[in-house]
Amino acid sequence: MVKVTKKADKAWVTFTFPSVEDIQSVEIVGEWSEWQNEPMRQKKNGEYSITKVLDIGSRFEFGYRTDGGGWHTDDSLPCVASPFGSENAVLDL
């Protein structure tokens, strides 16, 4: 799930990945960081979350990597094919 709060030319974007049995860690990976893994924090309810400040008017592809291997998109956003045979979620600000 993605929640966007816009102010002036910036957007505070909170990404949330649901609690899933047998998953020990979640990282978000996206174009805004040149596809570098960014660890997400696990909340008390088991969900993983991270907030990024991004430019309004931008478009980013991203995904969630679980336990260093599994690749997941965000069900709340459209997806596009990636060059690796999977899909990436698309965030249009």
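This passage describes the fold, the sheet pairing, the salt bridges and a few selected residues of a predicted model.

The chain holds ten strands and zero helices, so a walk from the N terminus passes through β-β-β-β-β-β-β-β-β-β. In overall dimensions, the C-alpha trace spans about 40 × 35 × 20 Å along its principal axes. The radius of gyration is 13 Å, which agrees with the value near 12 Å for a compact globule of 93 residues. Of these 93 residues, 38% are buried. Contacts across the sequence are well represented: among those with a separation of 6 or more, 57% join residues 24 or more positions apart. The chain exposes about 5800 Å², and carbon and sulfur atoms supply 48% of that area.

A good place to begin is the open sheet of four strands, which has the order 1-2-6-5 and antiparallel pairing. Strand 1 (2-7) and strand 5 (41-42) stand at its edges; each has a single partner strand, so one side of each is left without a neighbour in the sheet. As a general point, strands of a sheet pair through backbone hydrogen bonds, either parallel or antiparallel. Within this sheet, strand 2 (residues 10-17) and strand 6 (residues 48-55) run antiparallel and are joined by eight bridges. Two of the bridge partners in strand 6 can be picked out here: T51 for T14, and Y48 for F17.

On its other pairing, strand 6 meets strand 5 in the antiparallel sense over two bridges. These two strands form a hairpin with five residues between them, and G46 in the turn has a positive phi of about 95°. Here R41 stands opposite S49 of strand 6. S49 counts as buried, because its relative accessibility is 16% and the cut-off for burial is under 20%. Leaving out residues up to four places away in sequence, S49 touches T14, F15, T16, M40, R41 and K43.

Charged side chains add further links, and a search of the whole structure finds five salt bridges. In general, side chains of opposite charge can pair when their charged atoms come close. One salt bridge is formed by the side chains of K10 and D55, at 2.5 Å from N to O. K10 lies in strand 2 and D55 in strand 6, so this pair ties together parts that are 45 residues apart in sequence. Both partners are partly exposed, K10 at 31% relative accessibility and D55 at 37%.

Another salt bridge brings together the side chains of E38 and K52, again at 2.5 Å from N to O. This pair links distant parts of the chain, with E38 in strand 4 and K52 in strand 6, 14 residues apart. Here the two partners are buried: E38 has a relative accessible area of 14%, and K52 has 18%.

E38 also leads to W32, whose place is in the loop between strand 3 (26-30) and strand 4 (38-39). The side chain of W32 makes a polar contact with the side chain of E38 at 2.7 Å. W32 is buried, with a relative accessible area of 17%. Setting aside neighbours within four places in sequence, W32 is in contact with F15, E38, K52, L54, F60 and F62. That list includes E38 and K52, the two residues that meet in the salt bridge just described.

A third salt bridge joins the side chains of R59 and E61 at 3.7 Å from N to O. R59 is partly exposed at 44% relative accessible area, whereas E61 is buried at 16%. Salt bridges that share partners join R59, E61 and D92 into one network.

E61 is also one of the residues touched by N88, which is found in strand 10 (residues 87-92). N88 counts as buried, at 5% relative accessibility. Not counting residues up to four places away in sequence, its contacts are W35, E61, F62, W71, T73, P78, C79, V80 and S82. With W71 there is a polar contact between the two side chains, at 3.5 Å. Finally, N88 and W32 can be placed relative to each other: they are 56 residues apart in sequence and 13 Å apart in space, C-alpha to C-alpha. F62 appears among the contacts of W32 and also among those of N88.

Definitions and conventions:
Residues numbered from 1 in each chain as written. Predicted model: local features only at pLDDT ≥ 70, side-chain atom pairs only at ≥ 80, totals over all residues. Heavy atoms only, no water. Buried < 20%, exposed > 50% of the residue type's maximum accessible area, 1.4 Å probe, protein only. Polar contact = N/O pair within 3.5 Å; in protein donor to acceptor, adjacent residues only side chain to side chain. Contact = heavy atoms within 4.5 Å. Pairing = 2+ DSSP bridges. Rg over C-alpha atoms; globule rule 2.2 N^0.38 Å. Areas by Shrake-Rupley, 256 points an atom, 1.4 Å probe, with all protein chains shown as cover. Salt bridge = Lys/Arg side-chain N within 4 Å of Asp/Glu carboxyl O.
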